[in-house]
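Hi,

Here is the structure I promised to pass on. Have a look at it first, and then read my notes below.

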Number of protein chains: 2
Amino acid sequence: MKNPKAARLTKQGSRRFPDRVDPIVDQSERDFLATYDPSAFPHPSVTVDVALISITHQKLTTFVVRRTEYPQRGSWALPGGFVRFSESLDAAAARVLSTKAGLRNVFLEQLYTFGEPGRDPRTRIITVAYYALVNVDRFMAADSESGRPIEAWIDVPWEGEAGGPVDVADTSGAPLELAFDHADILGMAVKRLRGKLDYTPIGFQLLPDTFTLRQLQEVHETILGRRLNKDSFRRRMLASGLLKGTGKRQDEVGHRPAELFRFVKGAAV
Amino acid sequence: MKNPKAARLTKQGSRRFPDRVDPIVDQSERDFLATYDPSAFPHPSVTVDVALISITHQKLTTFVVRRTEYPQRGSWALPGGFVRFSESLDAAAARVLSTKAGLRNVFLEQLYTFGEPGRDPRTRIITVAYYALVNVDRFMAADSESGRPIEAWIDVPWEGEAGGPVDVADTSGAPLELAFDHADILGMAVKRLRGKLDYTPIGFQLLPDTFTLRQLQEVHETILGRRLNKDSFRRRMLASGLLKGTGKRQDEVGHRPAELFRFVKGAAV
DNA sequence: TGAATAGTGTCTATAAGACAATATCCC
DNA sequence: GGGATATTGTCTTATAGACACTATTCA
């Protein structure tokens, strides 16, 4: 064995990686590790949880799966799973989304890492939360191999970017009890969305390929939880250079049809 | 044993928590765990790394510690450490800051979680990165029990919020080689700072208790990496309600002294 | 033709940038 | 007084909000 310090690591680690040394190495860390008993202090587990966000019926919507086991059996959870040893965090989140919702090539971004020791009553589980955005068609097509995923409407009890947990209800309006700290994760996702909307073209992720200016405005209003000035919104969007008119128009709308626009690739997302 | 599934968990875990069950429970997760060999797939380790940011000599500055062990011996690293089993992530970051820099009651916020499988050559280490802000006096007083921490000047090779790794140099201008992905962590910290500056009073964290408008403007300019319009900056700050004049003035400045202001508590940070 | 929304043009209020004029300190 | 920066005031320009008016589709 090249390095005697390996013996201080977890048995698991030392069996598999006899040559590895302390990951962060300075004196105080070594002191800590010298007195560190891996059987007394097992490693935390690491999971990813994904808040899949869409807009249905003019409401912010997410995708929850009913828990079939204790604890919190019967409550609703975001799709999640363990991070595998040789898999990046992004890849783990994409895998969860693919496995549990059948979705690939989705806008997916890391949100925040939740690690309160008591957040899961069984053991220490640190979860890296992600959020994903899909338009209503892809959202409705999302399915789960594992149970009865449902569309959950998000009710945000705070304004602006104050932040905090949110409430969710099913499509009949009945409240859904969220498992663990998933109400906080969803709240963080809404806060992030509101913050990013001002300076990134994130709203397009929630719309079909072509859309009208009013549809885009409704997306923004739904995310922000407040009405926007129509004239100003229109001017800003057209001036942004992010939209390109298709020349085509809506049809069968019972009034003058609006022009359909498309998102122009190239601007940062 | 109440639950037979516990036998599938890691040996470490099952010794300590014989009754715990699968953390995220649905069919596909159970399928995964049923074929999951804990000795073949050891848990990732979890650390925190803290980018301690200040402004010295009109430059963005951070605090790095020289590595005394392989790998990357001799390169420079952000202070970091393992997350203990019963310690929150925030508490771990505060502990690192206290232990390695002697700083308490510091502005400290979670930044991003870095978890590429190859980011540490020894084993899988997922790190939850934090950033902390202190004014120059506290920064200069920061010390480490473990080695030779130094002031490192940050050179940001991109504009706006483009993001990406940054370079660092010592106070003589000589480049410092950063360990692992710490250049990415610092880059993320700068990007976050630039983004937050527009709508949060984050600049006050980098200044002494009282300060002039020009000093505040210089902080903003240093963070943003570009010059700001003096008149407009002054008007915006005074109109924000975040500043309160103290009636006192600078002295010994060789020109007309400016009024000293104080940050008004109460606005969100 | 009427209902309903799309799209255009104009006016006003507000904020930012530019710049000039004055104030106040130290030397 | 001279040098230097603070502070105030004014003008111009860009953008947001408000509102009136015209355009186009379907029923």
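Which parts of DNA strand C do the atoms within 4 Å of the protein belong to? Sugar or phosphate holds 62% of them, and bases hold the rest.

Before going further, some ground rules. This is a predicted model, so local features need pLDDT of at least 70 and side-chain atom pairs count only at pLDDT 80 or more, while totals for chains, interfaces and linings use all residues. Residues are numbered from 1 along each chain as its sequence is written, chains are lettered from A and ligands numbered from 1 in the order in which they are written, and side-chain values use heavy atoms, with hydrogens and water left out.

Back to DNA strand C. There are 20 residues around this strand, and A:Glu259, B:Asp231, B:Arg235, B:Arg236 and B:Arg256 come nearest. (A residue is near a strand if one of its heavy atoms lies within 4 Å of it.) Sorted by class, the surface near DNA strand C has three nonpolar, five polar and 12 charged residues. Here Ala, Val, Leu, Ile, Met, Phe, Trp, Tyr, Cys and Pro count as nonpolar, Asp, Glu, Lys and Arg as charged, and the others, Gly among them, as polar.

Some polar contacts (pairs of N or O atoms within 3.5 Å; within protein, one must be able to donate a hydrogen and the other to accept it, and residues adjacent in sequence count only if both atoms are side-chain atoms) are worth clicking on:

- B:Arg235 has a polar side-chain atom 2.7 Å from a base nitrogen of DNA strand C.
- A:Glu259 has a polar backbone atom 2.8 Å from a phosphate oxygen of DNA strand C.
- A:Arg234 has an N or O atom in its side chain 3.2 Å from a sugar or linking oxygen of DNA strand C.

Now for DNA strand D. This strand is surrounded by 21 residues, the closest being A:Asp231, A:Arg235, A:Arg256, B:Lys230 and B:Glu259. Sugar and phosphate make up 61% of the atoms of DNA strand D that come within 4 Å of the protein. The surface near DNA strand D divides into three nonpolar, six polar and 12 charged residues. Two contacts here go to phosphate oxygens: a polar backbone atom of B:Glu259 is 2.8 Å from one, and an N or O atom in the side chain of A:Ser232 is 2.9 Å from one. B:His255 places a polar side-chain atom 3.5 Å from a sugar or linking oxygen of DNA strand D.

Which helices help to form the surface near DNA strand D? Helix H7 (230-240) of chain A and helix H7 (230-240) of chain B each supply at least two residues. Each H7 also supplies at least two residues of the surface near DNA strand C. (Helices, H or I with at least four residues, and strands, E with at least two, are DSSP runs numbered from the N terminus.)

On to the protein itself. Chain A has seven helices and 12 strands, and 55% of its 269 residues are buried. (Buried means under 20% relative accessible area, exposed over 50%, and partly exposed in between, using a 1.4 Å probe and protein chains only.)

Is helix H5 of chain A mostly enclosed or open? It is largely enclosed by the rest of the structure, because 12 of its 16 residues are buried. Among them are A:Ile185, A:Leu186, A:Val190 and A:Leu193. In chain B, helix H6 is largely enclosed too, since nine of its 12 residues are buried, including B:Leu213, B:Leu216 and B:Val219. B:Gly225 follows H6 of chain B and has a positive phi, near 75°.

Finally, some backbone oddities. Most residues other than glycine have a negative phi, and most peptide bonds are trans. The bond joining A:Tyr70 and A:Pro71 is cis, with omega about -5°, and A:Pro71 sits in the loop between strands S2 (59-66) and S3 (76-77) of chain A. In chain B, the peptide bond from B:Tyr70 to B:Pro71 is cis as well, with omega near -5°. B:Gln72 is not a glycine but has a positive phi of about 65°, and B:Gln72 is partly exposed at 28% relative accessible area. B:His57 also has a positive phi, near 50°, and B:His57 is exposed, at 54%.

Happy exploring!
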